[in-house]
Amino acid sequence: MSDERRATSDAGGMLRFAGMLGSLSDADVRALMDRTTSSDDEVRARAAEIVARVRRDGDAALVAMAREFDGATLQELEVPRAAWNAALDALEPALRGAMERAAANIRAAHEAFRPQASEVETEPGVVVGRRPDPLRRVGVYAPGGRAAYPSSVLMGVVPARVAGVEEIVVCSPPGRSGRLSDAVLFACALCPWITEVHAVGGAQA
């Protein structure tokens, strides 16, 4: 197989490869393994503009961008807990059981791997230690535009809870109706220690 056939790039810069990795150059291996979603300076600049707009204009910017980007007219940004519970009540029992099982498994795994404080006396009277302290507040982003991923809620929220985070805020983009995906909402209802849920997506979240 020729080198040209082993590693070729299409017009979009995507590297296609079939063969042994050892036959590739270091540069080709890096390109093949690159998992970044974008290297476009324009995308980064646009995201920075959005963040700056939110910092400047606050909630008004979030409401305006929901209309611009999601086609949604929001009466409020925060989603009431009653809406989470309504989505959970409407969930098919078999799916609810599967989600509850997933949440329990995620929790069990992260509790087993939770780091422990430790100390060592390197010399008489000299003690060196390491202590894992949880963050006070974290944000979890759950996709909800073209596809909704309740697993994103569980995989972000449950480990934070296990770690001892006090405040957990979930953000997810609204649909044109202004509502969040039911899939995201019922996952939130399965995690009652979530502090807030907001109908905000994209860089503005």
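Val-169 in strand S6 has a bridge partner in strand S7: Glu-196. Strands here are DSSP runs of E with at least two residues, helices are runs of H or I with at least four, and both are numbered from the N terminus. S7 covers residues 196-199, and its pairing with S6 is parallel, over 4 bridges. Two strands count as paired if DSSP finds at least two bridges between them. This is a predicted model, in which local features need pLDDT of at least 70 and side-chain atom pairs count only at pLDDT 80 or more, while totals for chains, interfaces and linings use all residues. Residues are numbered from 1 along each chain as its sequence is written, and side-chain values use heavy atoms, with hydrogens and water left out.

Now look at the other neighbour of S6. Strand S5 (residues 137-141) runs parallel to S6, joined to it by 5 bridges. Arg-137 has Glu-167 as its bridge partner in S6. The chain gets from S5 to S6 by way of helix H7 (residues 150-163), in a right-handed β-α-β crossover. Right-handed means that, with the strands pointing away from the viewer, the path from the first strand over the helix to the second runs clockwise. Further along S5, Gly-139 stands opposite Val-169 in S6. Another right-handed β-α-β unit consists of S6, helix H8 (residues 182-189) and S7.

Put the strands together. S5, S6 and S7 form an open sheet of 3 strands in that order, with parallel pairing. S5 and S7 are the edges; each has a single partner strand, so one side of each lacks a neighbour in the sheet. Neighbouring strands are turned against each other by 20° on average, direction ignored. Strand axes are lines fitted to C-alpha atoms; for helices the fit covers the stretch in contact, and angles in general run from 0 to 180 degrees between N-to-C directions.

How enclosed is S6 (residues 167-172)? In this strand 5 of the 6 residues are buried, so the rest of the structure largely encloses it. Buried means under 20% relative accessible area, exposed means over 50%, and partly exposed lies in between (1.4 Å probe, protein chains only). S5 shows two faces. Val-138 and Val-140 make up its covered face, while Arg-137, Gly-139 and Tyr-141 make up the uncovered one. In a regular strand the side chains alternate between the two faces of the sheet.

Strand S3 offers another picture. Of its 6 residues (118-123), the number buried is 0, so S3 lies largely in the open. S3 pairs with strand S4 (residues 126-130) in the antiparallel sense, over 5 bridges. Ser-118 stands opposite Arg-130 in S4. The two strands form a hairpin with 2 residues between them, and Gly-125 in the turn has a positive phi of about 85°.

Next come two cysteines. Cys-188 is buried, at a relative accessible area of 0%. Its sulfur lies 7.0 Å from the closest cysteine sulfur, that of Cys-191, which is too far for a bond. Cys-191 is in no disulfide. This residue is buried too, at 0% relative accessibility. A disulfide is a pair of cysteine sulfur atoms within 2.5 Å. The whole structure has 0 of them.

Helix H3 (residues 41-57) holds Arg-46. This residue is partly exposed, with a relative accessible area of 38%. Its C-alpha atom is 9.0 Å from that of Ala-203, although 157 residues separate the two along the chain.

Finally, the chain as a whole. It has 8 helices and 7 strands. Of its 205 residues, 30% are buried. Among contacts (heavy atoms within 4.5 Å) with a separation of 6 or more, 64% join residues 24 or more positions apart. The chain exposes about 13,300 Å², and carbon and sulfur atoms supply 52% of it. Accessible areas come from the Shrake-Rupley method with a 1.4 Å probe; for residues, only the protein chains shown count as cover.
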